[in-house]
Structure formats: C-alpha cells, structure tokens
Amino acid sequence: RAKESGRNAVAYFETTMQEAVSRRYALEQALREAVNHQAFELFLQSQVDAQGRPIAAEALVRWRHPQEGLIPPASFIPVAEESGLIVPIGEWVLAEACRLIARLNAAGRSLRIAVNMSPRQFHQPNLVRKVQDILAASGADPAYLVLEITENLLVEHTSEAVARMTELATLGLRFSIDDFGTGYSSLAYLKRLPVSELKIDKSFVKDLPQDLNDVALVETILAMASHLGFEVVAEGVETAAQFEFLRHLGCERFQGYHFHRPEPLTTWLARLAP
Ligand code: C2E
Ligand code: MG
Ligand code: MG
Ligand code: MG
C-alpha cells in the first residue's frame with residue numbers, strides 16, 4: 001500500500017513537473033512570437049525633484065498579449081533572461097527610449113530617460129557597438145540616456161564589466177544603480193566606476209518613517225552618496241509622509257505612485273505637453 005501510494009506520488013510529481021516544463025515552453029514560444037511581432041509597449045514613469053517637477057522618466061516594458069492583455073515585466077523578464085530573448089527585447093526598449101529622447105530634444109525638453117539593462121544584455125559581446133548604433137540611428141543626445149543596472153551585475157565578471165561600463169560612459173551616457181541596497185556592492189567600490197546615480201530600493205522606502213532600521217539605512221546612503229557625489233533617486237515613494245521624510249533627509253529625486261504611475265508613452269507625452 002505504502003509502495004503504491006509512493007508510486008502515485010512519483011507519478012503525480014512527474015505530471016506536475018511535465019506540466020511546469022510545458023507551461024514554461026509555451027511561455028517561451030509565445031514570447032518568441034511577441035519578439036518577432038514587436039508586441040511590446042513602452043510605459044514611462046516620471047521622476048520628480050523636491051518641488052514635484054518632472055526631471056526624468058524610467059522606461060518600463062509591457063508585453064501586449066493577444067488574449068491576456070498587458071503583461072507586467074515580472075511575469076516574463078525571468079523567462080526572457082533565461083532564454084536570451086531579453087537581448088532583442090532590451091534592444092527594442094533601448095531603441096524606443098532613444099527615439100523618445102530625440103523627440104524630447106527636438107521639442108527643447110531636457111528630461112533624462114532611464115532604461116533597465118539586464119545582466120544577459122549587459123554581457124553581450126557586441127553591446128557597445130549596438131548601443132552606439134541605436135543612438136546614432138535615433139539621433140538622440142546620449143547625455144539624456146541613463147542605463148540602470150543592478151549591483152550584482154558588477155559583482156560577477158568584474159574587470160570585463162568595468163571595461164564595458166567605461167566604454168559606454170565614453171559615449172556620453174550615464175549609469176544608475178537600480179535597487180540599490182539589495183545587493184553586495186559598496187559605495188567605495190561604485191565610486192571607482194562611471195556611476196552617476198543610485199536608486200534606493202523601494203523595500204527601504206516602504207516602511208519610512210516608522211521602521212528605524214530603514215531610517216538609519218536611508219539616512220546613511222543619502223549622507224555617503226552626497227559626500228561621494230552620487231545623485232540619489234528614492235524608488236517606490238507612495239505617500240506624502242515618505243516624500244516629506246526623504247526630502248528632510250536631503251533626497252532630491254523621487255519616483256513612485258505618490259507622484260506618477262507608469263503610463264503608456266502617448267499618455268505620458270500628452271501630460272508633459274505644456
Ligand atoms: P525596477 O527597474 O526597479 O522598476 C520599478 C518598478 O517599481 C516598476 O515595476 C514600477 O512600476 C514599480 N513602482 C514604481 N513606483 C512604485 C510605487 O510607488 N510603489 C510600488 N509598489 N511599485 C512602484 P514594473 O514596471 O512592474 O517593473 C518591474 C521590474 O521589471 C523593474 O523593476 C525592472 O527590474 C524590470 N523591467 C521593467 N522593464 C524592463 C526592461 O525594459 N528591461 C529589463 N531588463 N527589465 C525591465
Ligand atoms: Mg529600474
Ligand atoms: Mg528598482
Ligand atoms: Mg526594484
């Protein structure tokens with residue numbers, strides 16, 4: 001009896017494994033289709049200064065699925081990263097962002113546009129030429145392009161990563177460290193790299209100003225960043241209390257639902273119009 005139920009358990013396990021594998025496969029195939037048809041949409045979330053004026057925006061991709069509607073990145077970026085599909089997706093996002101920069105440049109607007117760069121994309125051997133080509137094709141001023149990378153991307157393949165960053169920075173663009181505080185890098189280490197900006201991860205902003213550990217952490221990041229000459233963006237600012245508190249600690253840049261949600265490109269442009 002025990003043997004039989006053991007066999008059933010194994011059979012059940014195998015079935016669910018098979019289901020998971022085929023679901024994963026179906027997702028990858030659908031994503032491949034989406035890449036072929038460029039079925040993605042660019043959303044933009046404004047970043048603001050201490051007066052609430054827009055100073056930059058982050059480009060955030062969504063997958064326009066024929067049946068499921070708009071799918072958020074958390075549901076497909078991991079599969080895209082594993083399968084390598086993040087490379088063409090990331091190039092599409094970068095090209096869209098550069099076209100937007102060129103458009104803003106032409107309209108005399110000086111807003112930076114930040115693009116997320118995944119580890120897989122960052123380690124592509126021809127990345128620098130790709131970025132150069134995309135910038136040239138769009139006519140965007142590279143000074144308005146910000147590449148967001150995470151700390152952990154720098155911890156692996158260090159010397160190669162540093163060389164690559166330096167080469168990209170030479171093109172005139174800027175680097176921002178996304179989700180800062182969740183990885184394993186130090187500010188002293190980042191200071192040796194062409195990094196202009198840190199984005200304090202939203203997990204440290206969520207419980208401000210009640211959580212005293214988060215208060216100490218954010219206070220320290222802001223003080224050290226200011227001494228070392230990094231700009232700092234606080235992510236995930238959802239309340240007036242968080243905003244006031246961060247501003248009181250000397251933070252000058254903010255991103256979060258309290259100010260603006262991610263919006264479709266056309267909505268974002270229309271709101272920016274005046
Ligand atoms: P991220 O780069 O840290 O982007 C910020 C995320 O926080 C966005 O989620 C944004 O909508 C969300 N957010 C903004 N303000 C608030 C707030 O006040 N409260 C809360 N709770 N959340 C807020 P989204 O758009 O779902 O993107 C999730 C992640 O997917 C991004 O995190 C980024 O890591 C990745 N991602 C998005 N677009 C791209 C892309 O084009 N390429 C790559 N490689 N990754 C991307
Ligand atoms: Mg980001
Ligand atoms: Mg982030
Ligand atoms: Mg984050």
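Trainee: Which residues come nearest to ligand 1?
Mentor: Arg-62, Asn-116, Asp-178, Glu-238 and Tyr-257, out of 22 residues around ligand 1. Keep in mind that this is a predicted model.

Trainee: What makes the pair between Glu-238 and ligand 1 a polar contact?
Mentor: An N or O atom in the Glu-238 side chain is 2.5 Å from a nitrogen atom of ligand 1. The cut-off is 3.5 Å for a pair of N or O atoms, so the pair counts.

Trainee: What about Asp-179 and Val-61?
Mentor: An N or O atom in the side chain of Asp-179 is 3.2 Å from an oxygen atom of ligand 1. For Val-61, a backbone N or O atom lies 3.2 Å from a nitrogen atom of the ligand. Both pairs are within 3.5 Å, so both are polar contacts.

Trainee: How much of ligand 1 does the protein bury?
Mentor: The protein buries 82% of the 800 Å² that ligand 1 exposes when taken alone. Ligand 1 sits in the largest pocket.

Trainee: Which element gives the most to the shell around ligand 1?
Mentor: β2, with four residues. β2 (54–65), α3 (86–106) and β6 (174–180) each supply at least two.

Trainee: Why are Asp-178, Asp-179 and Glu-235 called donors of the magnesium ion (ligand 3)?
Mentor: Their donor atoms lie 2.0 to 2.6 Å from the ion. The cut-off is 2.8 Å, so they qualify. Glu-235 is listed twice, each time as OE. Along the chain the spacing is D-D-x55-E.

Trainee: Which residue coordinates both magnesium ions, ligand 3 and ligand 2?
Mentor: Asp-178; the two ions are 4.0 Å apart.

Methods. Residues are numbered from 1 along each chain as its sequence is written. Chains are lettered from A and ligands numbered from 1 in the order in which they are written. This is a predicted model: local features need pLDDT of at least 70, side-chain atom pairs count only at pLDDT 80 or more; totals for chains, interfaces and linings use all residues. Side-chain values use heavy atoms; hydrogens and water are left out. A residue is near a molecule or strand if one of its heavy atoms lies within 4 Å of it. A polar contact is a pair of N or O atoms within 3.5 Å; within protein, one must be able to donate a hydrogen and the other to accept it, and residues adjacent in sequence count only if both atoms are side-chain atoms. Accessible areas come from the Shrake-Rupley method with a 1.4 Å probe; for residues, only the protein chains shown count as cover. On a 1 Å grid over the protein atoms alone, a cavity is a set of points where a 1.4 Å probe fits but cannot get out, and a pocket is an open set with protein on both sides within 12 Å along at least five of seven lines; lining residues have an atom within 4 Å of a point. A molecule sits in a cavity or pocket if more than half of its atoms lie within 2 Å of its grid points. Donors are N, O and S atoms within 2.8 Å of the metal (3.2 Å for Na, K and Ca); water is not among the atoms, so sites may look incomplete.
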